[in-house]
Amino acid sequence: MKPGIDLLTLWRGKGLARQIISSVAILALTIMLMVLLGSYAFYSTLFIFLPTALSAPDSWLPSPAEWGWIVVTTLIGVAIAVWVAIRLSRRILTPLNSVATSLRRVAQGDLAARAAAERQPLDEASQLISDFNAMAERLERVQQERVFWNAAIAHELRTPVTILRGRLQGLADGVFQPDPALFASLLVQVEGLGRLIEDLRIVGLAESGHLRIQLQQTDLRKEVMTVLKACESALQEKGFTLTLALAAQVSVCDPVRIRQALLALLENALQHATPGPLRIATMQRDGQQCLRVEDSGPGLAAADAQRIFEAFQRGPHTGEAAAKGSGLGLAVVRAIASAHHGTVQCQPSGMGGSCFELRWPG
């Protein structure tokens, strides 16, 4: 690109480059006009009213009056240049200093620091302030989420660990007698810990972008039936009646992860949905594979439907329903959907409850 075109592009743009070009051009033009017009007025005045103050025609040195005019013109030009430079530097340096000060505060651990400008900054400076504040807000949010995660993980681990410690201590002290029922209850707690740790691992890998999947041609209907064989008795005991609408289709996916996502959706229904009809469907729509789980109640508000896929977030229910589960199941579903370059959403169901739909290309 030619230099002339570069200059024209900068001039047509907005922000710092145009401000510098226009300021320097106006400054040069102002000083030139002041010197030219001032010199014309100065010499006209001397020629008319004080011709003796002019230098001799054969002398190359200025007269004292001319020296005075040169000094005054130079001082005025310097003063104008300094004034323009101060104004321009304030518009440039004030937001930069604000960002630098806030950056030092962030480096010292004050993540609530934000940059600001006293007056409207130039476009580039304004963008810099906006980007820095967005970065600081993200860092603060990450810090808050880390604290929340630590507290939530400690809370979820505390209950099974406390139960295991109490029962094992009872066995050691002879309070409990070793029998199959006790060992079975201990095994249930260990399995719960294992599921929690696996869920935390999947969500953590997804957050860091390291969740790997093994894509292959999969009979989606067969995988759904495999999961239902393991969960059907528990669903029926709870009072759910299954309705299946499984299309005979081959999908490109990780069958292990899809089974894991479906299992998480069914466990979510077991814990939070009202016993009644439960519909599971697979289909192809808009070139994507769809897996749906619909229940008959109680449903979720739109705001709650957006946040329940966050880790350790639960629905608005209180009491026993709110205490069930680790709050990681739906986060695992979203992580698996993202690993498949797909999405998961919760929307109202025609059955009166919630419809969880997992979609992915394939």
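Start with Ile-280: leaving aside residues up to four places away in sequence, Ile-280 touches Val-224, Leu-228, Leu-242, Thr-243, Leu-244, Ala-245, Leu-246, Leu-266, Leu-291, Arg-292 and Val-293. Keep in mind that this is a predicted model.

Where does Ile-280 sit? Ile-280 is found in strand β4. Its relative accessible area is 0%, and since anything under 20% counts as buried, Ile-280 is buried. For a sense of distance, take Leu-128, which is 152 residues away from Ile-280 along the chain: the two C-alpha atoms are separated by 50 Å.

**The sheet around it**

Strand β4 belongs to an open sheet of 5 strands, ordered β2-β4-β5-β7-β6, and the pairing is mixed. The edges are taken by β2 (241–246) and β6 (343–348), each of which pairs on one side only. On average, neighbouring strands of this sheet are turned by 15° against each other, direction ignored.

Now follow the sheet from β4 into β5. These two strands form a hairpin with 2 residues between them, and Asp-286 in the turn has a positive phi of about 55°. Strand β4 covers residues 277–285 and β5 covers residues 288–294; they run antiparallel and are joined by 7 bridges. On its other pairing, β5 meets β7, again in the antiparallel sense and over 7 bridges. Here are some of the residues that stand opposite one another or are bridge partners:

| Residue | Partner |
|---|---|
| Arg-285 | Gln-288 in β5 |
| Met-283 | Cys-290 in β5 |
| Glu-294 | Cys-355 in β7 |

How many residues of β5 are buried? The count is 6 of the 7, so β5 is largely enclosed by the rest of the structure.

**Helices across the sheet**

Two helices are worth a look here. Helix α6 (residues 220–238) lies across β2, β4, β5 and β7 (354–361), and runs at about 180° to β2. Val-224 and Leu-228, both among the contacts of Ile-280, fall within the residue range of helix α6. Helix α10 (residues 329–339) lies across β6 and β7, running at about 130° to β6.

**A patch on the surface**

Over to helix α2 (residues 16–49), which is where Leu-33 lies. Is Leu-33 buried or partly exposed? Leu-33 is partly exposed, because its relative accessible area of 42% falls between the 20% and 50% cut-offs. Leu-33 forms a nonpolar patch on the surface with Leu-29, Leu-36 and Leu-37, and together they have about 410 Å² of accessible area. So there you have two contrasting residues: Ile-280 is buried, whereas Leu-33 is partly exposed.

Technical notes
Residues are numbered from 1 along each chain as its sequence is written. This is a predicted model: local features need pLDDT of at least 70, side-chain atom pairs count only at pLDDT 80 or more; totals for chains, interfaces and linings use all residues. Side-chain values use heavy atoms; hydrogens and water are left out. Two strands pair if DSSP finds at least two bridges between them. Helices (H or I, at least four residues) and strands (E, at least two) are DSSP runs, numbered from the N terminus. Axes are lines fitted to C-alpha atoms, for helices over the stretch in contact, and angles run from 0 to 180 degrees between N-to-C directions. Contact means heavy atoms within 4.5 Å. Patches are made of residues with over 30% relative accessible area and no salt bridge: like charges are joined within 9 Å, nonpolar side chains (Val, Leu, Ile, Met, Phe, Trp, Tyr) within 5 Å. Accessible areas come from the Shrake-Rupley method with a 1.4 Å probe; for residues, only the protein chains shown count as cover. A salt bridge is a side-chain nitrogen of Lys or Arg within 4 Å of a carboxyl oxygen of Asp or Glu. Buried means under 20% relative accessible area, exposed over 50%, partly exposed in between (1.4 Å probe, protein chains only).
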